[in-house]
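Student: I should like to work through this structure by asking about its parts in turn. May we look at it together?

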Amino acid sequence: MADKTYTGEFYCVKCKAKREATGNIVVSENGTRMAKGKCPECGTNLNRILGKA
Ligand SMILES: [Zn+2]
């Protein structure tokens, strides 16, 4: 399997800015890999779609 964590840019909807964060990679039922992180500035949950596994 691929990496379990993702480090990179997420877009924070609350800050309206890109944030560097590390998040866990989860795979949804339809096979789309998503990274779930947390904004280091405001603590909002961040999601980033990484594409098909
Ligand atoms: Zn934020």
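Student: Which residue in β4 does alanine 35 stand opposite?

Tutor: The model is predicted, so local features need pLDDT of at least 70, side-chain atom pairs count only at pLDDT 80 or more, and totals for chains, interfaces and linings use all residues. Residues are numbered from 1 along each chain as its sequence is written, and side-chain values use heavy atoms, with hydrogens and water left out. Strand β3 covers residues 32-38 and pairs with β4 in the antiparallel sense; strands are DSSP runs of E with at least two residues, numbered from the N terminus, and helices are runs of H or I with at least four. Within β4, the residue opposite alanine 35 is arginine 48.

Student: How many bridges join β3 and β4?

Tutor: Two strands pair if DSSP finds at least two bridges between them. Threonine 32 stands opposite lysine 52 in β4. For the antiparallel pair β3 and β4, the number of bridges is seven.

Student: What is the order of the strands in the sheet?

Tutor: The chain has zero helices and four strands. The sheet is open, with antiparallel pairing. Its order is β1-β2-β3-β4.

Student: Why is one side of β1 and of β4 left without a neighbour in the sheet?

Tutor: The strands in question are β1 (5-12) and β4 (45-52). Each has a single partner strand, so one side has no neighbour in the sheet. The reason is that both stand at the edges.

Student: By how many degrees are neighbouring strands of this sheet turned against each other on average?

Tutor: Axes are lines fitted to C-alpha atoms, for helices over the stretch in contact, and angles run from 0 to 180 degrees between N-to-C directions. For this sheet the direction is ignored, and the average is 40 degrees.

Student: Which residue in the turn between β3 and β4 has a positive phi?

Tutor: β3 and β4 form a hairpin with six residues between them. In that turn, a positive phi of about 80 degrees belongs to glycine 43.

Student: Is threonine 44 buried or exposed?

Tutor: Threonine 44 lies in the loop between β3 and β4. It touches Cys12, Lys14, Gly37, Lys38 and Cys39, not counting residues up to four places away in sequence; contact means heavy atoms within 4.5 Å. Buried means under 20% relative accessible area, exposed over 50%, and partly exposed in between, with a 1.4 Å probe and protein chains only. At 18%, threonine 44 is therefore buried.

Student: What is the relative accessibility of cysteine 39?

Tutor: Cysteine 39 also lies in the loop between β3 and β4. Apart from residues up to four places away in sequence, cysteine 39 touches Cys12, Cys15, Arg19, Thr44 and Leu46. Cysteine 39 counts as buried, because its relative accessibility is 4%.

Student: Which element gives the most to the largest nonpolar core?

Tutor: A nonpolar core is a set of buried Ala, Val, Leu, Ile, Met, Phe, Trp, Tyr and Cys residues joined through side-chain atoms within 4.5 Å. The largest one has eight residues: Tyr6, Phe10, Cys12, Ala21, Ile25, Ala35, Cys39 and Leu46. The elements that give two or more residues to this core are β1 and β2 (17-27). With three residues, the element that gives the most is β1.
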